[in-house]
Amino acid sequence: MRFKPENSIAIVTGASSGIGKCLCELLVARGATVVATARRQHRLDDLVQSTLKSTLGPGSIIPVVGDLTDPMVRRKVIDVACQVDGGRIDLLINNAGIGAIGPFADASAERLRQIMEVNFFAPLELTRSCLPFLRKGRSPVICNIGSVLGHRAVPNKSEYCASKFAMHGFSDSLRAELVTDNIQVTLVSPSTTRSEFFDSLVDTEAGQSSKSFGSWPPEKVARTTLAAIQARRSEVILSLGGKALVYADRIAPPIMNAILGVR
Ligand SMILES: NC(=O)c1ccc[n+]([C@@H]2O[C@H](COP(=O)([O-])OP(=O)(O)OC[C@H]3O[C@@H](n4cnc5c(N)ncnc54)[C@H](OP(=O)(O)O)[C@@H]3O)[C@@H](O)[C@H]2O)c1
């Protein structure tokens with residue numbers, strides 16, 4: 001059975017910008033009630049205002065401001081979602097994420113810990129706490145926003161790649177565990193996306209940049225993600241460049257090593 005956004009209850013993390021914000025707008029346009037969470041209150045206020053003013057659609061945004069690595073914030077997100085319709089949650093989108101660029105040897109322990117806290121531990125614990133309510137959901141879906149770098153690692157992004165590989169492994173394992181509950185786990189792996197992601201890199205020297213083979217706007221990533229959720233797909237890899245990287249690596253890892261300069 002397909003996931004229907006109409007009258008659904010969704011949680012979207014990282015809702016203040018980029019892919020998360022676009023996903024919130026799409027879900028509201030299709031009639032979902034969206035608990036939208038991030039740290040920047042003014043951005044969430046703007047999101048609420050734009051959905052009210054533009055009569056974007058029949059759905060609504062309920063903002064929850066806070067740092068997702070704080071267990072109290074995660075609890076509040078779930079409590080707010082559960083108040084909408086007696087403890088039912090239909091969709092959880094684990095989207096909030098951060099990155100860094102630069103050699104592992106020169107980086108701090110804090111950089112590793114911060115990236116793993118936001119990209120891995122926080123979404124996993126949010127997922128664990130949501131499960132009882134997702135079991136009551138309608139064709140429920142957990143959508144994890146990974147990365148093509150969770151399929152093929154590259155130099156100078158070791159912590160980020162590790163966090164996205166971890167999310168990939170978790171998604172595959174959880175999907176199998178939840179088959180009997182009819183909860184789908186959809187892993188979406190974008191490649192470079194033109195969001196604010198590169199403005200907030202952790203502990204990264206100015207001037208560090210990222211190579212990309214074609215990038216997508218966040219609106220397109222969000223549209224493709226929502227289509228994957230509606231079809232309840234297990235995995236999607238976005239963009240031609242992303243597919244080329246992942247599939248070439250699966251077929252011929254030595255060739256990809258040569259391209260990336262790995263001996
Ligand atoms: N951009 C890319 O090239 C790219 C490529 C592949 C995958 N992705 C993945 O796509 C996802 C979304 O990224 P994006 O490109 O849309 O970047 P973005 O515009 O920087 O959005 C990141 C979101 O995460 C939130 N966030 C960060 N730390 C948080 C924390 N501690 N607690 C709560 N919220 C937090 C930010 O909100 P606040 O700052 O307001 O808290 C923001 O809403 C991430 O998981 C990223 O890894 C991005």
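How many helices and strands does the chain have? In this predicted model, the chain has eight helices and seven strands. The views below start with the whole chain and then move in on the ligand and the cavity.

**View 1. The chain as a whole, with its eight helices and seven strands.** The radius of gyration comes out at 18 Å, close to the 18 Å that the globule rule gives for 263 residues, so the chain is as compact as a globular protein of that length. Laid along its principal axes, the C-alpha trace spans about 55 × 40 × 30 Å.

**View 2. Polar contacts around the ligand, with G14, D67 and E196 in the frame.** Look for D67 to start with: one of its polar side-chain atoms sits 2.9 Å from a nitrogen atom of the ligand. G14 works through its backbone instead, with an N or O atom 3.1 Å from a ligand oxygen. E196 also brings in a backbone N or O atom, here 3.4 Å from an oxygen atom of the ligand. On its own the ligand would expose 890 Å², and the protein buries 96% of that.

**View 3. The shell of 30 residues around the ligand.** Coming nearest are S16, R39, N95, Y160 and S195. Sorted by class, the shell holds twelve nonpolar, 13 polar and five charged residues. Which elements give two or more residues to this shell? They are helix 1 (18-29) and helix 5 (158-177).

**View 4. The largest cavity, with a volume of about 30 Å³.** The count of cavities of 30 Å³ or more comes to one. Its lining is made up of N94, N95, A96, N119, P123, I145, K164 and M167. Helix 4 (109-134) and helix 5 are the elements that give two or more residues to that lining. By class, the lining splits into four nonpolar residues, three polar and one charged.

**View 5. N95 and helix 5, seen from both sites.** N95 is one of the residues that come nearest the ligand, and N95 also lines the largest cavity. Helix 5 gives two or more residues to the ligand shell, and it does so for the cavity lining too.

Methods:
Residues are numbered from 1 along each chain as its sequence is written. This is a predicted model: local features need pLDDT of at least 70, side-chain atom pairs count only at pLDDT 80 or more; totals for chains, interfaces and linings use all residues. Side-chain values use heavy atoms; hydrogens and water are left out. A residue is near a molecule or strand if one of its heavy atoms lies within 4 Å of it. A polar contact is a pair of N or O atoms within 3.5 Å; within protein, one must be able to donate a hydrogen and the other to accept it, and residues adjacent in sequence count only if both atoms are side-chain atoms. Accessible areas come from the Shrake-Rupley method with a 1.4 Å probe; for residues, only the protein chains shown count as cover. Helices (H or I, at least four residues) and strands (E, at least two) are DSSP runs, numbered from the N terminus. Ala, Val, Leu, Ile, Met, Phe, Trp, Tyr, Cys and Pro count as nonpolar, Asp, Glu, Lys and Arg as charged, and the others, Gly among them, as polar. On a 1 Å grid over the protein atoms alone, a cavity is a set of points where a 1.4 Å probe fits but cannot get out, and a pocket is an open set with protein on both sides within 12 Å along at least five of seven lines; lining residues have an atom within 4 Å of a point. Grid points are joined across faces, edges and corners, and a volume is the space filled by probe spheres set on the points. The radius of gyration is taken over C-alpha atoms; the globule rule is 2.2 Å times the number of residues to the power 0.38.
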